[in-house]
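This report describes one helix pair and one sheet. The sequence and the structure are shown first.

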Amino acid sequence: MADLDAESEGTFTGPAETLTLHGILFDMDGTIVNSTDAIIKHWHKIGKELGVDPSVILETSHGRRSIDTLALYDQGKANWDYVSHIEGLIPKEYGADAVEIPGARSLLASLEHINARWAIVTSGTRPLVTGWLDVMRLSHPHNLVVAEDVSAGKPAPDCYRLGIDRLGLTAEGSRAAVLVIEDSPAGILAGKAAGCQVIGLATTHSIEQIRQSGADWIVQDLRSVTLLSKVVGVHGQIQIEIRHALQR
């Protein structure tokens with residue numbers, strides 16, 4: 001979790017707030033799982049192959065598609081066959097180095113239990129995402145948007161717009177009632193640009209970075225987000241509760 005200077009940044013003491021939503025779109029790394037240690041090992045390995053200092057790669061790689069990162073150093077490796085292959089190896093080689101974000105398991109299971117509309121929208125490839133969900137034994141979404149599905153990665157809104165489409169929520173009113181849950185500034189910017197409300201998780205970045213990106217709420221992790229119920233008589237709508245959001 002990101003460090004928080006309570007005096008300068010605020011405290012996680014916000015009162016409970018209820019939202020009525022049509023659907024939820026989750027980022028993956030830093031939002032559902034924390035694979036930071038695994039990703040560091042991965043980029044150290046790739047950096048050695050490329051002859052590039054891995055610390056330089058890691059400065060800008062989080063929340064960014066690997067194909068875009070690789071394009072900065074070796075255009076020959078910036079293709080989906082290569083990226084899917086190397087990312088598919090990460091959960092297999094470094095599975096023990098990842099942990100679930102607190103609250104993720106119960107929230108995903110509760111959404112799946114009532115057949116709510118939710119999806120994962122990630123900068124990772126399909127082999128990476130499904131690999132982590134399998135290793136961590138977490139719920140698989142019926143809808144998934146991965147890096148290779150869009151031409152422009154986060155902070156472009158393309159991925160979240162596609163996520164909205166795949167949930168069948170293209171109407172303007174429905175879009176405004178879609179919640180994005182993210183940890184990275186690039187992802188928060190993408191969610192806001194897609195017209196969604198955004199919860200920023202203080203798991204990988206500073207409070208100030210999350211705030212400057214425009215998150216509507218900032219919480220420590222997914223323990224602050226709870227499914228309450230389906231909305232009686234309204235097809236597909238759900239209510240969630242946000243607790244202990246950041247207050248200044």
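## Helix packing and a three-stranded sheet

In this predicted model, A38, I39, K41, H42, K45, I46 and E49 in α2 are in contact (heavy atoms within 4.5 Å) with Y82, I86, L89, I90, E93 and Y94 in α5. Eight of the residues in this contact are nonpolar, one is polar and four are charged; Ala, Val, Leu, Ile, Met, Phe, Trp, Tyr, Cys and Pro count as nonpolar, Asp, Glu, Lys and Arg as charged, and the others, Gly among them, as polar. Helices (H or I, at least four residues) and strands (E, at least two) are DSSP runs, numbered from the N terminus.

Helix α2 (residues 36-50) packs against helix α5 (residues 80-94) at an angle of about 135°, with axes 10 Å apart. The two helices are therefore oblique to each other, a class for angles outside under 35 degrees, 65 to 115 and over 145. Axes are lines fitted to C-alpha atoms, for helices over the stretch in contact, and angles run from 0 to 180 degrees between N-to-C directions.

An open sheet has the strand order β2-β12-β11 with antiparallel pairing, where pairing requires at least two DSSP bridges between two strands. Its edge strands, each pairing on one side only, are as follows.

| Edge strand | Residues |
|---|---|
| β2 | 17-21 |
| β11 | 225-230 |

Neighbouring strands of the sheet are turned by 25° against each other on average, direction ignored. β11 pairs with β12 (residues 238-242) over five antiparallel bridges, and T226 stands opposite E241 in β12.

Residues are numbered from 1 along each chain as its sequence is written. Local features need pLDDT of at least 70, side-chain atom pairs count only at pLDDT 80 or more, and totals for chains, interfaces and linings use all residues, while side-chain values use heavy atoms, leaving out hydrogens and water.
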